[in-house]
Amino acid sequence: MPDEMKADLWRRWRAGESTSVISRQIGKPPGSVFTVLKHHEGIAPGPRKARVGSLTVGEREEISRGLCAGESYRAIARLLGRAVSTISREVSNNGGRDIYRAIAAQERALDRARRPKQCLLARRPALRQTVLTLMKEEWSPEQIAGHLRLHHGDDPAMEISHETIYRSVCTTRWKVIPRELCKRLRTGRPIRKNKHHTVKGQ
């Protein structure tokens with residue numbers, strides 16, 4: 001599925017359209033739509049963005065042209081104003097002189113930049129333990145968030161929204177919240193739905 005089509009799929013999902021409506025609008029089977037949604041647990045992935053200081057697509061195209069012309073890493077680095085080690089590492093990480101392609105290298109860099117960051121519960125052990133304790137008592141994420149606001153409102157380290165708890169369940173593959181506790185959530189949906197989602201009139 002092309003990136004443009006996926007972007008339209010996520011836009012429609014956030015707007016509350018059902019999988020059947022989305023499939024008709026983008027011209028793909030409902031199963032294909034559900035597969036994309038399920039892969040990300042119903043939560044749209046963040047935009048791909050290269051880190052500051054990384055090579056640009058234009059620089060990668062210059063590297064590709066330089067390699068095709070038989071230029072040395074030192075000559076390419078001098079042209080771009082980059083360290084020789086940066087050029088050498090870039091080429092080595094993307095197949096070597098004979099295989100290097102600018103677009104493929106740019107895609108790999110963007111994919112690496114989109115790797116999921118550590119979630120809030122993983123960064124705050126005390127908060128995680130409190131959430132796990134309350135989940136064992138079958139509290140809902142909404143109840144847990146409200147309890148923390150009421151009893152720890154003056155402590156920013158103990159602040160969390162119910163949506164963040166749901167996201168921790170959906171996106172960390174049980175690394176932060178054990179699978180057996182996830183099963184106690186009152187919703188039995190396989191993917192996280194947008195709050196605007198409704199099938200009324202569809």
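This is a short walk through the helices of one chain, how some of them pack, and a few residues worth a look.

## The overall picture

Keep in mind that the model is predicted. The chain has 12 helices and zero strands, so there is little to say about element order: from the N terminus on, it reads α-α-α-α-α-α-α-α-α-α-α-α. Of the 202 residues in the chain, 33% are buried. Take the contacts with a separation of 6 or more, and 64% of them link residues 24 or more positions apart.

## Helices 1 to 3

Let's start at the N-terminal end. Helix 1 covers residues 3-14 and helix 3 covers residues 30-39; they pack at an angle of about 80°, with 11 Å between their axes. That angle makes helix 1 roughly perpendicular to helix 3, since values from 65 to 115 degrees count that way. On the helix 1 side you'll find Leu9, Trp10 and Trp13, which meet Val33, Val36 and Leu37 of helix 3. Sorted by class, this contact has six nonpolar residues, with no polar and no charged ones.

Helix 2 (residues 19-26) belongs in this part of the story too. Its buried residues are Val21, Ile22, Ser23 and Ile26, and these pack against helix 1 and helix 3. Right after helix 2 comes Gly27, with a positive phi near 75°.

## Helix 4 and its partners

Helix 4 (residues 57-68) packs with helix 6 at about 80°, their axes being 12 Å apart. Helix 4 and helix 6 are therefore roughly perpendicular to each other. Arg60, Ile63 and Leu67 make the contact from helix 4, while Ile87, Glu90 and Val91 make it from helix 6. By class, that is four nonpolar, no polar and two charged residues.

The other partner to look at is helix 5 (residues 73-80). Its axis and that of helix 4 come within 10 Å and cross at roughly 145°, and the crossing is right-handed. Helix 4 brings Glu59, Glu62, Ile63, Gly66 and Leu67 to this contact, and helix 5 brings Tyr73, Ile76, Leu79 and Leu80. The class count here is six nonpolar, one polar and two charged residues. Ile63 and Leu67 of helix 4 turn up in the contact with helix 6 and also in the one with helix 5.

Here are the three packed pairs side by side.

| Helix pair | Angle between axes | Axis distance |
|---|---|---|
| Helix 1 and helix 3 | about 80° | 11 Å |
| Helix 4 and helix 6 | about 80° | 12 Å |
| Helix 4 and helix 5 | roughly 145° | within 10 Å |

## A closer look at helix 6

Helix 6 spans residues 84-92, and Ile87, Glu90 and Val91 are buried there. They sit on the same side of helix 6, because they cover an arc of only 95° around the axis. The background is simple: an α-helix has 3.6 residues a turn, so residues three or four places apart point the same way. Those three names are also the helix 6 half of the contact with helix 4.

Ser88 is in helix 6 as well. With a relative accessible area of 26%, Ser88 is partly exposed. Its C-alpha atom is 9.0 Å from that of Ala77, 11 residues away along the chain.

## Gln106 and the loop after helix 9

Further along, Gln106 lies in helix 7 (residues 102-113). Gln106 counts as buried because its relative accessibility is 15%, and the cut-off is under 20%. Apart from neighbours within four places in sequence, Gln106 is in contact with Leu55, Thr56, Val57 and Arg60. One of these, Arg60, is also among the helix 4 residues that contact helix 6.

Then there's the loop between helix 9 (125-136) and helix 10 (141-151), where Glu138 lies. Phi of Glu138 is near 65°, a positive value in a residue other than glycine. At 51% relative accessibility, Glu138 counts as exposed. Ser140 is found in that loop too, but Ser140 is buried, with a relative accessible area of 11%. From Ser140 to His162, 22 residues apart along the chain, the C-alpha separation is 8.4 Å.

Key: Residues are numbered from 1 along each chain as its sequence is written. This is a predicted model: local features need pLDDT of at least 70, side-chain atom pairs count only at pLDDT 80 or more; totals for chains, interfaces and linings use all residues. Side-chain values use heavy atoms; hydrogens and water are left out. Helices (H or I, at least four residues) and strands (E, at least two) are DSSP runs, numbered from the N terminus. Buried means under 20% relative accessible area, exposed over 50%, partly exposed in between (1.4 Å probe, protein chains only). Contact means heavy atoms within 4.5 Å. The arc is that of the directions from the helix axis to the C-beta atoms. Axes are lines fitted to C-alpha atoms, for helices over the stretch in contact, and angles run from 0 to 180 degrees between N-to-C directions. Angles under 35 degrees count as roughly parallel, over 145 as roughly antiparallel, 65 to 115 as roughly perpendicular and the rest as oblique. Ala, Val, Leu, Ile, Met, Phe, Trp, Tyr, Cys and Pro count as nonpolar, Asp, Glu, Lys and Arg as charged, and the others, Gly among them, as polar. A crossing is left-handed if the near helix is turned anticlockwise from the far one by less than a right angle, and right-handed if clockwise.
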